[in-house]
Structure formats: structure tokens, C-alpha cells
Amino acid sequence: MPKSNYVGRHRPAARPSRGRQIVVPVALLSSTVAAGLVIRDAGASELSPEAAAMKNVSDSVAGLGSVADPDVVAAAAANRAGARSSRDIAGDARTVIAGATATATQTAGEAQVAADKAAAEQAAAAKAKADAAAKEQRARALAAAHRWVSPVAGYSLTSGFGFRWGKMHPAQDLACPPGSAVRALSSGTVVFAGWSNEGYGNFVKVRYWDGTVSWMAHNSRLLVSVGEQVAPGQVLAYSGNTGHSTGPHVHLEIHPDGGAAVPPLPWLAAKGVNL
Ligand SMILES: [Zn+2]
């Protein structure tokens, strides 16, 4: 008898019988599952090849924790009375364990894909919302910049567009107290601001965003200069009685596209400004 650390239990025969190959490992497996002691306490060198295989299965099952399918154990138990060898059982167990591991890996991968997809959808939704808000803000800003307003707050209509004393008067006169605020009709650029030698006195012209040019004459004082950008309602001047004028008023002319003057009242009414 060779010297070894044999502890005197289940000494395998040189060539174990077929029956012993089945019974011993299964018994070991059951003991291991029940108590977790028997196989671990014995050295692998003391086991038959079949028992060693089952030790591997047992260790795998024990080490897998929650990932291991209880079916592994059930399958082993179901095979207890069968004629299959412990190698087959070990193979089956490894297959199930490998399958469980693959399933766990696949599930983790699918979860990652789902998380990535959800994050991408959330980011896309946030971007769409921001884009919509920016678009709405631009639309509001544009609508505000393109609105039309009255040139003077308190006025009375005097001379209108037409012939006056045998001469064409291409404007609407708005009588108002001297020093009244004279405002830009919409957003635009100041194209003239200064004294007129043709009777307009302190004179200001603004070209608006749609190409229309307004003339406002006889002002007491100008507040803007050529090239200045103005917003709807911005004060361009204070009204007065300068130039060829018979009384304090604003002389307003409207020149679509900078061309010939048109009657101001219907033109403003079409913009929603009713004088
Ligand atoms: Zn006039």
C-alpha cells in the first residue's frame, strides 16, 4: 500500500465497477449539496476520475451562487437512478452552467443596449424640446420686430393725402402738442436725420424691414442719426413746427419700397394700425 494521505474512506478500486462509477459520485454530489463538506474535505488525488469529475460539478454548482440554475441539481438527482455515467452527468452540468453564464451575459448586454437606447431617446427628446423652444422664441422675436405701431400717441388728423390749395400733399398731418414723441412705425434703419432745405424742418426718414420708407417732418428735435437701427415704437424725434409749417404737427409720408408716396391711413390700417 503506497504511502499517501488517504483517510480511509471510499478507497476506490483499481478499476471501479460500472455500478460503482454511478453510485459513488452521485452519493458524493448529494452529500455535497446537502452539507457542502464531504468532497471538499477529501483531496482530489484520492478520488476516482469519475468522482473527481463530480467534484468539479459540485464545486461549480456551489461556486455559481444565484447564477446557477437549481435545474443543475435537479438534473443530477433525476439521473441518480439512471444508467448514465458520471462523465455524462458532469458534461450535462457544465452545459447547463455554461448556458446559464451565457444567458446572464446576454441579458446584461441586452440591458446595456436598452439603457443606451433609452438615454439616446431622452437626449433626442430634450434636443427636440430645446429646438422647438428656440424656434418659438425666434418666431416671437421676429413677430415683435415686424409689428407696426402708431407714430404718435395723442393727435388729431388735419390735412390728409391729396390736393391742398392746388398743390399735392402726399402725406397725412397729425396735429399734436410740440415735444410729443415721434416713433418708428416698425423695426428699420435711419436713412436720413437732419435739417431739410426743402421745407421739412428737422426731418427723419426710416427704411423698415419690408422696404417701406417713412418720412416724418417739422420736428423740434431729432434723437437718432443715419445708420441707426430702430425698433418698433422707438422715439425718433420730438414733434414741432420747424420748416414750412403752419402749426405744430407731424407730417407723415409713406413710400413703399422707397418709391412714390401712398395715402398713409389705408396703408397703416392694412398693418393693423388705425389712426
Ligand atoms: Zn404735411
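How many residues does the largest nonpolar core have, and which of them have the most contacts inside it? It has 22 residues, and those with the most contacts inside it are Met216 and Leu236. Before we look further, please note that this is a predicted model, in which local features need pLDDT of at least 70, side-chain atom pairs count only at pLDDT 80 or more, and totals for chains, interfaces and linings use all residues. Residues are numbered from 1 along each chain as its sequence is written, and side-chain values use heavy atoms, with hydrogens and water left out.

**The nonpolar cores**

A nonpolar core is a set of buried Ala, Val, Leu, Ile, Met, Phe, Trp, Tyr and Cys residues joined through side-chain atoms within 4.5 Å. Buried means under 20% relative accessible area, exposed means over 50%, and partly exposed is in between (1.4 Å probe, protein chains only). Strands S7 (201-208), S11 (235-238) and S12 (249-255), along with helix H6 (264-270), are the elements that give two or more residues to the largest core. Helices (H or I, at least four residues) and strands (E, at least two) are DSSP runs, numbered from the N terminus.

Let us visit Met216. Leaving out residues up to four places away in sequence, Met216 touches Pro151, Val182, Arg183, Leu185, Asn202, Phe203, Val204, Tyr208, Leu236, Val250, His251 and Leu252; a contact means heavy atoms within 4.5 Å. There is also a second, separate core of 5 residues, which includes Tyr200, Val213, Trp215 and Ala217.

His255, in strand S12, touches Val213 and Trp215, among other residues, when those up to four places away in sequence are not counted. His255 counts as buried because its relative accessibility is 7%.

**The zinc site**

Which protein atoms are the donors of the zinc ion? They are NE2 of His169, two OD entries of Asp173, and ND1 of His251, lying 1.9 to 2.8 Å from the ion. Donors are N, O and S atoms within 2.8 Å of the metal (3.2 Å for Na, K and Ca), and water is not among the atoms, so sites may look incomplete. Along the chain, the donors follow the spacing H-x3-D-x77-H.

Why is the arrangement irregular? The 4 donor atoms subtend angles of 51 to 164° around the zinc ion, and this makes it irregular. Four donors count as tetrahedral if all angles lie between 85 and 135 degrees; four count as square planar and six as octahedral if opposite donors are over 155 degrees apart and all others between 65 and 115; anything else is irregular. Both His169 and Asp173 are buried.

**Salt bridges**

A salt bridge is a side-chain nitrogen of Lys or Arg within 4 Å of a carboxyl oxygen of Asp or Glu. By this rule the count comes to 4, and the table lists some of them.

| Pair | N to O distance |
|---|---|
| Arg140 and Glu136 | 2.8 Å |
| Arg164 and Asp173 | 3.3 Å |
| Asp210 and Lys271 | 3.8 Å |

Arg140 and Glu136 both lie in helix H5 (residues 86-145), 4 residues apart, about one turn of the helix. Arg140 is exposed, at 51% relative accessibility, while Glu136 is partly exposed, at 47%.

Asp173 is the zinc donor we met above. Asp173 is buried at 4%, whereas its partner Arg164 is partly exposed at 28%.

The bridge between Asp210 and Lys271 links distant parts of the chain, 61 residues apart: Asp210 is in the loop between S7 and strand S8 (213-219), and Lys271 is in the segment after H6.
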